[in-house]
Amino acid sequence: MFAANGSMLARSMSEIASKIDSYVVAASADGRVLACAALEEFSPSLAEVSSVAVARSQHGKGLGTQVVLGVERLARARDIEELFAMSLTDNFFLSMGYDTTTVSRYPEKLARYEKMKADGIDVVTKRCFRKKLAATWSVPELVVAELKRRIAS
Ligand SMILES: CC(C)(COP(=O)(O)OP(=O)(O)OC[C@H]1O[C@@H](n2cnc3c(N)ncnc32)[C@H](O)[C@@H]1OP(=O)(O)O)[C@@H](O)C(=O)NCCC(=O)NCCS
């Protein structure tokens, strides 16, 4: 759905299945996936927060923030020191403590874009954000009751 307007890259079922342990999802009580995000590792210390999407009916309820926090938790568990993200939406990553940067900082990502262009895939220009993960960290509080209230409203 969001791949059609260029906000996200399309992913095949086999691609998702092969990286399923790097996905974080938020689901409703009846098992519907409401939001997702993924950790795309580029090196032992660098990864991208990718595939961030929230069902349209659930926008603005904090689910996007929660799945990105889940990806950050996964990154820390894997000893990753730096995250970057590509987005058309400025405030979303800024609201989570990311700084604006330039994708030229990440030649690995640029190389991937070049390969996609060579394969005939349309690549939409996005802004780049980065976050250094601090050595000490406390688990963000998941405000479950508040999230349930927002999803129900
Ligand atoms: C971008 C997206 C993931 C945000 O998810 P969400 O659950 O609606 O976001 P949250 O409720 O956690 O919002 C957190 C903050 O991000 C910012 N934000 C969220 N959506 C935004 C938007 N469309 N434009 C500008 N700022 C936005 C706001 O500052 C918000 O804080 P606030 O609610 O206190 O104002 C969601 O809109 C989406 O799925 N968009 C389409 C897919 C897409 O563009 N994916 C790639 C983007 S990373």
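Two strands are said to pair if DSSP finds at least two bridges between them. In this predicted model, S2 and S3 satisfy that rule and form a hairpin, with 4 residues between them. The two strands run antiparallel and are joined by 6 bridges. A handy place to start looking is Ala 35, which stands opposite Val 54 in S3.

From the hairpin, the sheet can be followed onward through S3. Strand S3 also pairs with S4, this time in the parallel sense and over 3 bridges. Here Glu 48 has Phe 84 in S4 as its bridge partner. Together with helix H2, strands S3 and S4 make a right-handed β-α-β unit. Strand S4 in turn pairs with S6, in the antiparallel sense and over 6 bridges. Phe 84 appears again in this pairing, where it stands opposite Arg 130 in S6. Strand S6 also takes part in an antiparallel pairing with strand S5 (residues 99-101), through 3 bridges. In that pairing Arg 130 of S6 has Asp 99 opposite. Readers tracing the sheet on screen may thus step from Glu 48 to Phe 84, from Phe 84 to Arg 130, and from Arg 130 to Asp 99.

The interior comes next. In soluble globular proteins, nonpolar side chains tend to be buried together. In the present model, the largest nonpolar core has 27 residues, and those with the most contacts inside it are Cys 36, Ala 37, Val 49, Val 67, Val 71, Leu 83 and Ala 85. Two or more residues each come from strand S1 (23-27), strand S2 (33-41), strand S3 (46-54), helix H2 (63-77), strand S4 (82-87) and strand S6 (127-132). Val 49 gives a useful view of how the core is put together: leaving aside its neighbours within four places in sequence, Val 49 is in contact with Ala 37, Leu 39, Val 68, Val 71, Leu 83 and Ala 85.

Helix H4 (residues 107-118) offers a contrasting setting. Its 12 residues reach 16 Å from the first C-alpha to the last, close to the 16 Å expected at 1.5 Å a residue. Of these 12 residues the number buried is 0, so H4 lies largely in the open. Just after H4, Gly 120 takes a positive phi of about 85°.

Backbone angles at two further positions deserve a look. Most residues other than glycine have a negative phi. Ser 51, however, has a positive phi near 55°, and Asp 79 has a positive phi near 65°. The surroundings of these two residues can be set side by side. Ser 51 has its place in strand S3, and is buried because 22 other C-beta atoms lie within 10 Å, where 20 or more are required. Asp 79 lies in the loop between H2 and S4, and counts as exposed because 9 other C-beta atoms lie within 10 Å, where the limit is 12 or fewer.

A last point concerns the loop between S1 and S2, where Ala 29 is found. With 8 C-beta neighbours inside 10 Å, Ala 29 counts as exposed. Ala 29 and Lys 148 are 119 residues apart in sequence, and their C-alpha atoms are 9.5 Å apart in space.

How values were computed
Residues are numbered from 1 along each chain as its sequence is written. This is a predicted model: local features need pLDDT of at least 70, side-chain atom pairs count only at pLDDT 80 or more; totals for chains, interfaces and linings use all residues. A nonpolar core is a set of buried Ala, Val, Leu, Ile, Met, Phe, Trp, Tyr and Cys residues joined through C-beta atoms within 7 Å. Two residues are in contact if their C-beta atoms, placed from the backbone, lie within 7 Å. The expected span of a helix is 1.5 Å times one less than its number of residues. A crossover is right-handed if, with the strands pointing away from the viewer, the path from the first strand over the helix to the second runs clockwise.
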